[in-house]
Amino acid sequence: MKLHITIAACLVIITSACSTIKKTDKEYVDNNINNIAWAVISFKGKGLHTDDFPNGAPTIIFDMQDGKINGNDGCNSFMGLANYTKDYIKPGPIASTKMACPNATIQSDFYEVLGSEKITYKLTDGILRLYVNDAEVMALKEKQ
């Protein structure tokens, strides 16, 4: 009997923990950027060249409908949660693979940006610009 109660208690804890992890604020979905693979073309004011990255240019996909963010940093894949509003993106915890890549130059700065408290964005003429504290940190273009 004690075993059944212990198992039931564990299942309740696991179930509630899983539902807590998945909760995000789905306040806003911008269909102009939602679920599109965006290739980073500029990072902190410097243009990027796909030849400099073993897996091509870094990409980001903003899954506003499900409150997620994912992509790759040009070497490693990443995934995480994010809250989206009309005015900003608030990334949550980000997890990534840990492959060693030659010439990996922006990875730590890339995750620092994704770890920002709040990222504002503007889409103009097909270029998605991300800002942290009003400073442009990335420019992205829809991946072809």
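Two strands are said to pair when DSSP finds at least two bridges between them. In this predicted model, strand β1 (residues 37-43) meets that condition with β3, the two running antiparallel and sharing three bridges. Within this pairing, Ala39 sits opposite Thr59 of β3. On β3 there is also an antiparallel pairing with strand β4 (residues 68-72), this time over five bridges, and here Ile61 has Asn70 of β4 as its bridge partner. Four residues separate β3 and β4 in their hairpin, where Gly67 adopts a positive phi near 70°.

How enclosed is β3, and why? Four of its five residues (59-63) are buried, so the strand is largely enclosed by the rest of the structure. Two residues from this stretch of the chain, Ile60 and Phe62, reappear in the largest nonpolar core, which has 27 residues; together with Phe110, Leu130 and Met138, they touch the most other members. Elements giving two or more residues to this core include β1, β3, α2 (107-114) and β9 (135-142).

A good place to look next is Phe110, whose contacts beyond four places in sequence include Val40, Ile60, Met138 and Asp73. Asp73 belongs to the loop between β4 and β5. This residue is buried but has no salt bridge, and the nearest side chain of opposite charge, that of Lys98, is 7.7 Å away. The Asp73 side chain does have polar partners: it reaches the backbone nitrogen of Cys75 at 2.8 Å and makes a polar contact with the side chain of Tyr111, also listed at 2.8 Å. Among the other residues that Asp73 touches are Phe53, Pro58, Phe78 and Gln107.

Definitions and conventions. Residues numbered from 1 in each chain as written. Predicted model: local features only at pLDDT ≥ 70, side-chain atom pairs only at ≥ 80, totals over all residues. Heavy atoms only, no water. Buried < 20%, exposed > 50% of the residue type's maximum accessible area, 1.4 Å probe, protein only. Core = buried A, V, L, I, M, F, W, Y, C linked by side-chain atoms within 4.5 Å. Contact = heavy atoms within 4.5 Å. Lys, Arg positive; Asp, Glu negative; His and termini not counted. Salt bridge = Lys/Arg side-chain N within 4 Å of Asp/Glu carboxyl O. Polar contact = N/O pair within 3.5 Å; in protein donor to acceptor, adjacent residues only side chain to side chain.
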